[in-house]
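Colleague: Could you walk me through this protein model? I am new to this, so short answers please.

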Amino acid sequence: MVKDFSLSFSNKIIYGLIWCIFVALSMYIAPYHELWADEVQAFLIARDAPVSDILSVIPHQEGQPSLWHLLLKGLIFLFGENLNITYVSIAVMALAVGIFLFGYDVPIIYKILIPFGHYFLYQYNIISRNYCLAYLALAFLGYIYPLRHKYIWRYCLTLLLLAESTSFLAPVAAILSGLWFYEALLAHKLNLKKYYAPLGILCCFGLLLLWQILPINTVQYSIRVEDIKNYPYNVIAHFPEAFFAGKNLGINLLFLTALAWLILKYVFSSAFDNTLNRHKNSIVYMLLVWLIFIVVYFAVRPMFYHQGLIWGLFLCSVYMFFPHYIQNKRHYLFIACLLMQIYWSFVSISFDFKHPYSAQFEVLKILQKQNLLQHKIQTIGFHTLPFQALLSRENLYLTYDTPLYWLWTQEDIKLRYTDIQKAVDEHRDILVVDAFEAPRIDLSYYENPDIFYIYKIPAAAVYKGYLFYEQGLNLYIKKSLISQTF
């Protein structure tokens with residue numbers, strides 16, 4: 001008994017050390033990360049939009065549930081408008097990693113490698129988006145799944161969190177709810193009445209989610225940066241990329257070839273029929289979950305930063321449905337995937353160190369150095385959203401009818417593309433414009449000195465080390481202010 005306790009205690013020390021390293025590394029990286037417009041968009045929605053709009057209007061525009069915006073709004077209320085949302089996602093992912101380390105029965109090599117992969121350490125950790133909630137829900141789901149008929153309400157709340165984390169996983173939560181009740185029906189010893197209330201709540205939230213999101217406002221999809229070509233064939237490539245090596249075609253083909261060979265070898269082995277018969281329900285469940293997920297994934301316009309959901313659901317579903325298979329430590333291809341993900345994790349982090357997203361920090365430092373923050377500053381363009389978050393409301397100039405770049409209605413887009421000059425003309429002190437908007441504005445009464453000229457630096461918006469767009473900020477100052485400061 002003493003020996004077992006000692007081993008258990010030593011494992012806890014190791015897991016605690018891994019968790020501390022994960023948190024310490026995340027906190028070290030965080031100050032280098034310059035927020036994306038997408039991240040700040042959620043922050044501005046939470047800060048400026050009323051709760052009624054977050055529940056009823058924003059989901060139509062975003063195509064996502066409202067939990068992330070509500071969480072941010074509550075934190076802004078508690079900690080003020082200077083809240084750094086990077087630390088919010090770090091806290092959420094730290095909790096998810098803690099559940100994995102202390103709650104999952106997997107070989108220690110996986111507990112050492114998985115937390116430092118691209119999606120855990122960087123993509124959904126340093127980059128603060130609602131998908132960190134998906135990883136937290138998946139971590140809870142894998143842990144509570146074997147006890148789903150014992151802890152009914154805990155499982156219900158886990159499915160609710162899964163559904164509210166992202167629209168990609170809401171149908172997965174729905175199919176798991178149905179399978180859960182189906183199992184209860186087949187098991188005569190279970191008291192079905194205990195399931196009525198939690199399932200009723202899940203159904204109510206499901207209907208609410210449909211009402212919130214549908215019909216989806218597709219305006220934003222027509223002006224997003226990423227251009228999906230050869231759809232859906234290019235999206236199929238998301239699956240091997242999510243597991244292994246980004247856009248390296250040769251390595252992906254090698255990975256798929258090795259995987260196909262292992263699958264064929266296993267299918268034609270004598271153990272396959274036995275496994276099929278012993279795990280028939282698990283195989284059916286796994287196929288249903290992935291069929292639903294893939295259909296939704298293709299339907300909801302997948303982009304690079306959605307690929308982590310493939311990886312997260314894979315880890316969770318294998319652990320849920322085939323827990324004994326995980327204990328086999330000879331998964332060399334899987335370990336190769338983990339090692340490659342760690343490599344891409346640190347490649348992405350290095351981009352954050354070397355390449356600011358849009359030079360917003362540099363622009364702010366120059367304004368501070370030249371004592372120009374006493375003047376009102378107007379920002380134009382979607383990619384100036386991070387700069388808006390850096391300024392206090394006293395510094396920021398926004399007219400009543402200035403287009404808000406986190407709104408995606410037809411009327412707002414029309415105003416944005418026809419009345420920008422009017423908004424600029426009403427205020428002429430300091431103007432920060434993104435590269436996309438600048439060519440459409442008359443800047444003749446501004447000066448753009450060499451020191452301010454086109455701060456366009458390659459973006460740190462990376463997927464596994466690959467830039468998928470670049471954006472910069474142009475800073476213009478009213479000519480009458482130039483002589484006072486230079």
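What follows is a set of questions and answers on this model.

Modeller: This is a predicted model, where local features need pLDDT of at least 70, side-chain atom pairs count only at pLDDT 80 or more, and totals for chains, interfaces and linings use all residues. Residues are numbered from 1 along each chain as its sequence is written, and side-chain values use heavy atoms, with hydrogens and water left out.

Colleague: What percentage of the residues of the protein count as buried?

Modeller: Buried means under 20% relative accessible area, exposed means over 50%, and partly exposed lies in between (1.4 Å probe, protein chains only). The protein has 486 residues. The share that counts as buried is 53%.

Colleague: How many helices and strands does the protein have?

Modeller: Helices (H or I, at least four residues) and strands (E, at least two) are DSSP runs, numbered from the N terminus. The count for the protein is 25 helices and 7 strands.

Colleague: Which helices are among the cover of the buried residues of H11?

Modeller: Helix H11 covers residues 170–186. Its buried residues include Leu 176, Leu 179 and Trp 180. Contact means heavy atoms within 4.5 Å. The cover includes helices H9, H10, H12, H17 and H18.

Colleague: What does H11 reach from its first C-alpha to its last?

Modeller: H11 has 17 residues. The expected span of a helix is 1.5 Å times one less than its number of residues, and for H11 that is 24 Å. The model comes close to this, with a reach of 25 Å.

Colleague: What is the order of the strands in the open sheet?

Modeller: Two strands pair if DSSP finds at least two bridges between them. S1 and S3 run parallel, joined by 4 bridges. S3 and S7 are antiparallel over 5 bridges, and 2 bridges join S4 to S7, also antiparallel. The sheet has 5 strands with mixed pairing, in the order S2-S1-S3-S7-S4.

Colleague: Which strands stand at the edges of the sheet?

Modeller: An edge strand here has a single partner strand, so one side is left without a neighbour in the sheet. The strands at the edges are S2 and S4.

Colleague: Which residue stands opposite Asp 434 in S7?

Modeller: S7 spans residues 473–478, and 5 of its 6 residues are buried, so the strand is largely enclosed by the rest of the structure. At its pairing with S4, Tyr 446 stands opposite Lys 478. Opposite Asp 434 stands Leu 473.

Colleague: How many residues apart in sequence are the parts tied together by Asp 38 and Arg 129?

Modeller: A salt bridge is a side-chain nitrogen of Lys or Arg within 4 Å of a carboxyl oxygen of Asp or Glu. Asp 38 and Arg 129 form one at 3.6 Å, N to O. Asp 38 lies in helix H2 and Arg 129 in the loop between H8 and H9, so the pair ties together parts separated by 91 residues.

Colleague: Is Glu 437 buried or exposed?

Modeller: Glu 437 meets Arg 440 in a salt bridge at 2.3 Å, N to O. Arg 440 has 36% relative accessibility and counts as partly exposed. Glu 437 has a relative accessible area of 2%, so Glu 437 is buried.

Colleague: In which helix is Ile 263 found?

Modeller: Ile 263 has 46% relative accessibility, so this residue counts as partly exposed. Ile 263 belongs to a nonpolar surface patch of about 650 Å² that also includes Leu 259 and Phe 268. Its helix, residues 249–267, is H15.

Definitions and conventions:
Patch = residues over 30% accessible without salt bridge, like charges linked within 9 Å, V, L, I, M, F, W, Y side chains within 5 Å. Areas by Shrake-Rupley, 256 points an atom, 1.4 Å probe, with all protein chains shown as cover.
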